[in-house]
Amino acid sequence: MRIGSREFDTEHQTYIMGILNVTPDSFSDGGRYDRLDAALFHAQQMVDEGADIIDVGGESTRPGHVQISDGEEIERISPVIEGLKARFDIPVSADTYKSAVARAAIQAGADLVNDIWGLKYDGEMAGVIAGSGVACCLMHNREQPDYTHFLPEFLEDVEESIRLAKAAGIPDGAVILDPGVGFGKTYEMNLEIISRLEVMQRFGYPVLLGTSRKSVIGLTLSVPPDEREEGTLVTTVLGVQKGCAFVRVHDVKKNRRAVQMTRALMRTHDTDAGV
């Protein structure tokens with residue numbers, strides 16, 4: 001698939017999306033990169049470490065977060081996106097679920113809209129994406145984890161996002177799907193969808209896995225956000241094995257190495273099996 005000026009071989013590779021939170025209150029790194037100079041410096045670090053996409057977020061979506069206005073979110077992310085596009089030859093993603101913010105981000109140079117509500121929060125979002133020609137990542141989400149049968153209903157929810165994209169005219173080749181670890185799911189449901197990521201392959205779209213430093217890791221290991229890298233790396237390895245095309249992470253260097261090692265082992269296994 002094409003994102004910005006770059007082609008991504010989503011059938012045979014796993015790419016790194018580096019997280020750049022320009023917020024004062026994100027669960028893991030809030031306040032560290034909410035100044036333009038700090039954000040661009042961190043982006044340079046991630047580019048040097050091998051990030052394939054930079055994902056810019058201007059509003060924390062952690063549990064219990066306080067929603068900010070469209071204007072404030074635009075003020076946070078637009079200068080950063082413009083700075084990234086001026087300095088680096090790398091696709092930039094805007095992490096937003098609001099159509100006005102997405103429109104401003106695209107005008108600033110964003111190549112992808114990463115919507116944590118899978119086009120279901122803002123009725124104008126699908127049209128903004130379709131009209132601009134940028135790519136999108138559609139994440140699974142629910143207000144509450146109120147499932148009768150989790151996995152079948154999860155898949156139905158994802159199908160609804162796909163239908164919204166198709167109805168708006170977003171090309172299939174511009175869509176990425178995200179299972180939404182940490183959103184609208186209990187701890188047990190998060191573990192289940194990570195362990196059964198292969199179910200996402202039935203839709204025929206590239207899959208992005210975003211588990212980096214999330215609570216499912218913290219609860220499993222009983223550690224705070226800044227001690228969740230080992231757990232994140234385990235999920236990255238599993239994601240590669242189950243066909244994920246992208247992993248969204250804070251620590252680019254370690255996760256890129258984990259991807260490379262896993263891919264090398266998978267190639268050896270395929271060769272030994274005569275594939």
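The residues that line the largest cavity divide into four nonpolar, two polar and one charged. The structure is a predicted model, and every value in this report is computed from that model.

**The enclosed space**

The lining of the largest cavity consists of Leu138, Met139, His140, Asp157, Val158, Ser161 and Leu177, and the space inside the cavity comes to about 30 Å³. The search gives a count of one cavity of 30 Å³ or more. Strand S7 (135-139) and helix H5 (150-168) each supply at least two residues of this lining, and H5 gives the most, with three residues.

**An open pocket**

The second largest pocket holds about 410 Å³ of space. Of the 21 residues that line the second largest pocket, Thr10, Glu11, His12, Gln13 and Arg263 are the closest to its centre. Helix H9 (residues 252-272) contributes the largest share of the lining, seven residues. When the lining of this pocket is divided by class, there are eight nonpolar, eight polar and five charged residues.

**Aromatic pairs**

Six aromatic pairs are found in a search of the whole structure. In one of them, the ring centres of Tyr15 and Phe246 lie 5.8 Å apart and the ring planes are at 35 degrees, so the pair is tilted. This pair links distant parts of the chain, since Tyr15 belongs to strand S3 (residues 15-21) and Phe246 to strand S10 (residues 246-249), with the two positions 231 residues apart in numbering. Ring pairs also link Phe8, Tyr15 and Phe246 into a cluster.

For Tyr147 and Phe150, the ring centres are 5.0 Å apart and the planes are at 90 degrees, so this pair is edge-to-face.

The relative accessible areas of the four residues in these two pairs are set out below.

| Residue | Relative accessible area | Class |
|---|---|---|
| Tyr15 | 9% | buried |
| Phe246 | 0% | buried |
| Tyr147 | 12% | buried |
| Phe150 | 9% | buried |

The cut-off behind the last column is a relative accessible area under 20%. Tyr147 counts as buried because its value is 12%, and Phe150 counts as buried because its value is 9%. In the tilted pair, Tyr15 is buried with a relative accessible area of 9%, and Phe246 is buried with a relative accessible area of 0%.

Note on methods: Residues are numbered from 1 along each chain as its sequence is written. This is a predicted model: local features need pLDDT of at least 70, side-chain atom pairs count only at pLDDT 80 or more; totals for chains, interfaces and linings use all residues. Side-chain values use heavy atoms; hydrogens and water are left out. Rings of Phe, Tyr and Trp (its six-membered ring) pair if their centres lie within 6.5 Å; planes under 30 degrees apart count as stacked, over 60 as edge-to-face and the rest as tilted. Helices (H or I, at least four residues) and strands (E, at least two) are DSSP runs, numbered from the N terminus. Buried means under 20% relative accessible area, exposed over 50%, partly exposed in between (1.4 Å probe, protein chains only). On a 1 Å grid over the protein atoms alone, a cavity is a set of points where a 1.4 Å probe fits but cannot get out, and a pocket is an open set with protein on both sides within 12 Å along at least five of seven lines; lining residues have an atom within 4 Å of a point. Grid points are joined across faces, edges and corners, and a volume is the space filled by probe spheres set on the points. Ala, Val, Leu, Ile, Met, Phe, Trp, Tyr, Cys and Pro count as nonpolar, Asp, Glu, Lys and Arg as charged, and the others, Gly among them, as polar.
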